[in-house]
Amino acid sequence: MEKKKNKKKGKTKDKYRKRTFLITFLIVMGIFGVIRHAFSIDIPLHTEDGNDSSLAMADTKSMILVDDDETADLFNDESADCMPSDVINKYAEEADSAATVTEEAETSEDNADNETAQTQGIPRKYHRIRGVWSYDKCFPDVQDVQIVAAMKNGIKPAKNRDEAERYVLQRKLVNVGFSPYYSVDNLTHSIPYLVPKAQHLLNTIAINFIDSCQVKGVPPHKIMITSILRTTDDVKSLQKGNGNATTNSCHCYGTTVDIAYNKFVPITGTYNPRTPLLRWDEPMKQILSEVLDDLRRDNKIYVKYEVKQGCYHLTCR
């Protein structure tokens, strides 16, 4: 009798255990169901660079073009527990293929741009020069534009060099003949004086150029200044050999300099100003153009690309 009672008790306990487990299981599944409907489930897709990109099912639905009705019903069926793995793999491959096509198109476009740039004499993208795609069109500031800024920021043109020296004594002009950041060429029709504002701008250009050379892996060089302040007598003397010289030149106001784009002085520590070691280098020309373009976009200078003179003609604003 006792054995029969114990068997009945064991069966009753097992029945309660099963019922408790079933109730607990149903409660847990119900909680997960509520959570699943309350929050979107992210589906990880692998991108070309190997990183996981989590896309919510709603986002995936908007990004993928669905062609067959069954797959469309799968996306629209909110009661579906999850997406089949073969469907996920299918559209992951399509997404990777689309990204590959886009990247190939961009690469092809960049190569075409480089070929066009090479044929037209435009700087190529080897040194990642930003913004300057054409020297002429990116630096179009002609005399009529620069003369307004020169007259506004500069001095009254000096008749001769003695009068220019008086401007120096009055501290309206400063000597820019020597600097650790740039080199001044042998001046024949100008003298090394600028207004303080233009001197500060020249130092900024020179320092930015040296810094950019180092950042881009180019040996550090100094820019070469080929023309600075001209007096009225200097302009008349220059016109005798150059019929294109302007009488009312921006150089007469102490706001304008010419920076060579085909002459750069290596920073070696043994530089002698009388016998400079010059270097002609296209990448450095591109770096200089980038420095000037940045300042021009900041409304600090006007710049004109001079083809025959081999320089950038610029005036402070």
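This briefing describes the fold, the five-stranded sheet and one internal cavity of a predicted protein model. Local features are reported only where pLDDT is at least 70 and side-chain atom pairs only at pLDDT 80 or more, whereas totals for chains, interfaces and linings use all residues. Residues are numbered from 1 along each chain as its sequence is written, and side-chain values use heavy atoms, with hydrogens and water left out.

**Overall composition**
- The protein chain contains ten helices and nine strands; helices (H or I, at least four residues) and strands (E, at least two) are DSSP runs, numbered from the N terminus.
- Of its 317 residues, 34% count as buried, where buried means under 20% relative accessible area, exposed over 50% and partly exposed in between (1.4 Å probe, protein chains only).
- Among contacts (heavy atoms within 4.5 Å) between residues at least 6 apart in sequence, 64% join residues at least 24 apart.

**The open sheet**
- Five strands form an open sheet in the order 4-6-7-9-8, with mixed pairing; two strands pair if DSSP finds at least two bridges between them.
- Strand 4 (182–184) and strand 8 (301–306) are the edge strands, each with a single partner, so one side of each has no neighbour in the sheet.
- On average, neighbouring strands of this sheet are turned by 35 degrees against each other, direction ignored; axes are lines fitted to C-alpha atoms, for helices over the stretch in contact, and angles run from 0 to 180 degrees between N-to-C directions.
- Strand 4 pairs with strand 6 (residues 221–227) in the parallel sense over three bridges. Tyr182 has Ile223 of strand 6 as its bridge partner, and Ser183 stands opposite Met224 in strand 6.
- Strand 6 and strand 7 run antiparallel and are joined by five bridges; His221 stands opposite Pro266 in strand 7.
- Strand 6 is largely enclosed by the rest of the structure, because six of its seven residues are buried.

**Helices across the sheet**
- Helix 8 lies across strand 4, strand 6, strand 7 (256–266), strand 8 and strand 9, and runs at about 145 degrees to strand 6.
- Helix 10 (residues 282–297) lies across strand 6, strand 7, strand 8 and strand 9, and runs at about 150 degrees to strand 7.

**The second largest cavity**
- The model has three cavities of 30 Å³ or more. On a 1 Å grid over the protein atoms alone, a cavity is a set of points where a 1.4 Å probe fits but cannot get out, and lining residues have an atom within 4 Å of a point.
- The second largest cavity has a volume of about 40 Å³, a volume being the space filled by probe spheres set on the points, which are joined across faces, edges and corners.
- Its lining consists of Ala198, Leu201, Leu202, Ile205, Thr255, Val257, Leu314 and Cys316.
- Helix 8 (196–215) and strand 9 (311–316) each supply at least two lining residues, and helix 8 gives the most, with four.
- Seven lining residues are nonpolar, one is polar and none is charged; Ala, Val, Leu, Ile, Met, Phe, Trp, Tyr, Cys and Pro count as nonpolar, Asp, Glu, Lys and Arg as charged, and the others, Gly among them, as polar.

**Thr255**
- Thr255 lies in the loop between helix 9 (232–241) and strand 7, and is buried, with a relative accessible area of 3%.
- Leaving aside neighbours within four places in sequence, the contacts of Thr255 include Ala150, Asn153, Ala198, Leu314 and Cys316.

Key. On a 1 Å grid over the protein atoms alone, a cavity is a set of points where a 1.4 Å probe fits but cannot get out, and a pocket is an open set with protein on both sides within 12 Å along at least five of seven lines; lining residues have an atom within 4 Å of a point.
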